[in-house]
Amino acid sequence: MKLVSIDAMPGARTGVLIGDSVLDFARAEIVLPLAGWVPCSMPRLLAAGEHGLDIIRRLIDAVESGHSDEAERLKVAGALTPVEEVKLAPSVPRPGILLSHGRAYRSHLDEMATKTDLAKSIPEEPKAFLKNVNSLLATEAPIMLPPQCADMVDFEAEFSIVFGRDCHNVAPEEAMEAVAGYTIMHDVSARDWVATNDWDLNRMGKQLPTFAPLGPVITTKDEMPDPHNLQLTTRVNGETMQLAHTKDLIWRIPDLISFFSRWYPFRAGDILTTGSPAGVGFARNPPVFLKAGDVVEITVDGIGTLRNPVAAAEFASWH
């Protein structure tokens, strides 16, 4: 199933895609009382595990096999709405940890080595940095080019793991038990400092507002039995820039989870990205950077498309 977070006040609500519509659990309760058992918080929903997912499956069955008047009642209640009319939030609106794995594809190591003095050799261990959760952005919302570093903003598509339970110091053989599903994260990066090989500044250039689009959905693990057999595509204004396959990841997902869980105590709703493949704008000749008016679309098999326009931002007024 494909779980979504719906942008709402006072906080995002959970829902699920059913065909071309979104079922809003909170609003569905008046028609389908069982929906009242589904948490409105995505981390809490994920933490409910198979019990929670079984309830959602029963709700999906009720909608798909129910009488037409029941579907109509859900529509009138605003609980069953065409997806194009629903404003989505980031797939996990507020993860406790958003850990971004870097240098994950051999092809990306090779292309970056042509532009910097970074070695092509595979690191002995995976590398990662914490991404600012205040940078999260929903699909269709604009990536804002920061005025202090607007000229070298790059795109990096990342297939991402969503945790569904506590995970700390786990063995690779047990790591997948902690996975609830998968989503897409766009590791937007201001590249101004990469040529100097100042990696601390490079990481700072990834923390800016709107620099972490996340979504559009969480596809549950049962629908993606082999996460190492997926195609990832990034398009800018319709032109393919990144075209890769997760079979080319240097480290397999159970190994990544096990390694990073030695330090990070992951909880339900936390995100671990698997890194970006080749094709980033900085490594191109000539380089290609995002500008106002561009549209970035990242598609991963089985998940869908994370789509964001690009716009210019102005300095905030601080008092």
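What share of the 319 residues in the chain is buried? In this predicted model, buried residues account for 53% of them. The chain is built from 8 helices and 18 strands. Of the contacts between residues at least 6 apart in sequence, 77% join residues at least 24 apart. The accessible surface of the chain amounts to about 14,300 Å², and carbon and sulfur atoms contribute 52% of that area.

The interior may be taken up next. In soluble globular proteins, nonpolar side chains tend to be buried together. Here the largest nonpolar core has 50 residues, and those with the most contacts inside it are Phe159, Tyr182, Ile257, Leu272 and Ile303. Two or more residues of this core come from each of several elements, including strand E1 (2-6), strand E8 (143-145), E10, strand E11 (179-186) and helix H8 (253-260). Strands E14 (231-236), E17 (295-300) and E18 (304-312) are also among these elements. The greatest contribution is that of H8, with 5 residues. Apart from this core lies another, of 35 residues, which includes Leu32, Ala35, Val162 and Ala180.

Ile303 illustrates how the larger assembly is connected. Beyond its neighbours within four places in sequence, Ile303 is in contact with Phe159 and Tyr182, and also with Lys2, Thr183, Ile184, Pro216, Val217, Thr219 and Met224. Phe159 and Tyr182 are themselves among the residues with the most contacts inside the core.

Helix H8 deserves separate attention. Because 7 of its 8 residues are buried, H8 is largely enclosed by the rest of the structure. The buried residues are Ile253, Pro254, Leu256, Ile257, Ser258, Phe259 and Phe260. Against them pack strand E5 (98-102), E6, E10, helix H6 (172-175), E11 and strand E16 (271-273).

Strand E10 (residues 157-163) also carries a charged residue, Glu158. What is the nearest side chain of opposite charge to Glu158, and how far away is it? It is Lys206, at 5.7 Å; Glu158 is buried yet has no salt bridge. The reason lies in the cut-off, since a salt bridge requires a side-chain nitrogen of Lys or Arg within 4 Å of a carboxyl oxygen of Asp or Glu. Glu158 has polar partners instead: its side chain makes a polar contact of 3.4 Å with the side chain of Ser100, and it reaches the backbone nitrogen of Gly275 at 3.4 Å. Setting aside neighbours within four places in sequence, the residues in contact with Glu158 include His101, Thr183, Ile184, Met185, Asp187, Leu232, Thr273, Thr274 and Ser276.

Lys206 does form a salt bridge with Glu156, the closest N and O atoms being 2.7 Å apart. This pair links distant parts of the chain, 50 residues apart: Glu156 is in the loop between strand E9 (153-154) and E10, and Lys206 is in the loop between helix H7 (199-204) and E13. Both partners count as buried, Glu156 at 4% relative accessibility and Lys206 at 5%. Through shared partners, salt bridges join Glu156 and Lys206 with Lys131, Asp154, Asp187 and Arg191 into one network.

Within that network, Asp187 and Lys131 meet in a salt bridge of 2.4 Å, N to O. Asp187 lies in the loop between E11 and strand E12 (189-190), and Lys131 in the loop between strand E6 (127-130) and strand E7 (136-137), so that this pair too links distant parts of the chain, 56 residues apart. Asp187 is buried, with a relative accessible area of 1%, and Lys131 counts as buried at 3%. Asp187 is also one of the residues in contact with Glu158.

The count of salt bridges comes to 15. Another of them pairs Asp222 with Arg57, with 3.9 Å between the closest N and O atoms. Asp222 lies in the loop between strand E13 (212-220) and E14, whereas Arg57 lies in helix H3 (residues 49-65); the pair therefore ties together parts that are 165 residues apart in sequence. Both residues are partly exposed, Asp222 with a relative accessible area of 47% and Arg57 at 25% relative accessibility.

A last site is Ser41, in the loop between helix H1 (25-28) and helix H2 (42-47). Ser41 counts as partly exposed at 27% relative accessibility. Its C-alpha atom is separated by 8.8 Å from that of Pro93, which is 52 residues away along the chain.

Definitions and conventions
Residues numbered from 1 in each chain as written. Predicted model: local features only at pLDDT ≥ 70, side-chain atom pairs only at ≥ 80, totals over all residues. Heavy atoms only, no water. Helix = DSSP H or I, 4+ residues; strand = E, 2+ residues; numbered from the N terminus. Buried < 20%, exposed > 50% of the residue type's maximum accessible area, 1.4 Å probe, protein only. Lys, Arg positive; Asp, Glu negative; His and termini not counted. Polar contact = N/O pair within 3.5 Å; in protein donor to acceptor, adjacent residues only side chain to side chain. Contact = heavy atoms within 4.5 Å. Core = buried A, V, L, I, M, F, W, Y, C linked by side-chain atoms within 4.5 Å. Areas by Shrake-Rupley, 256 points an atom, 1.4 Å probe, with all protein chains shown as cover.
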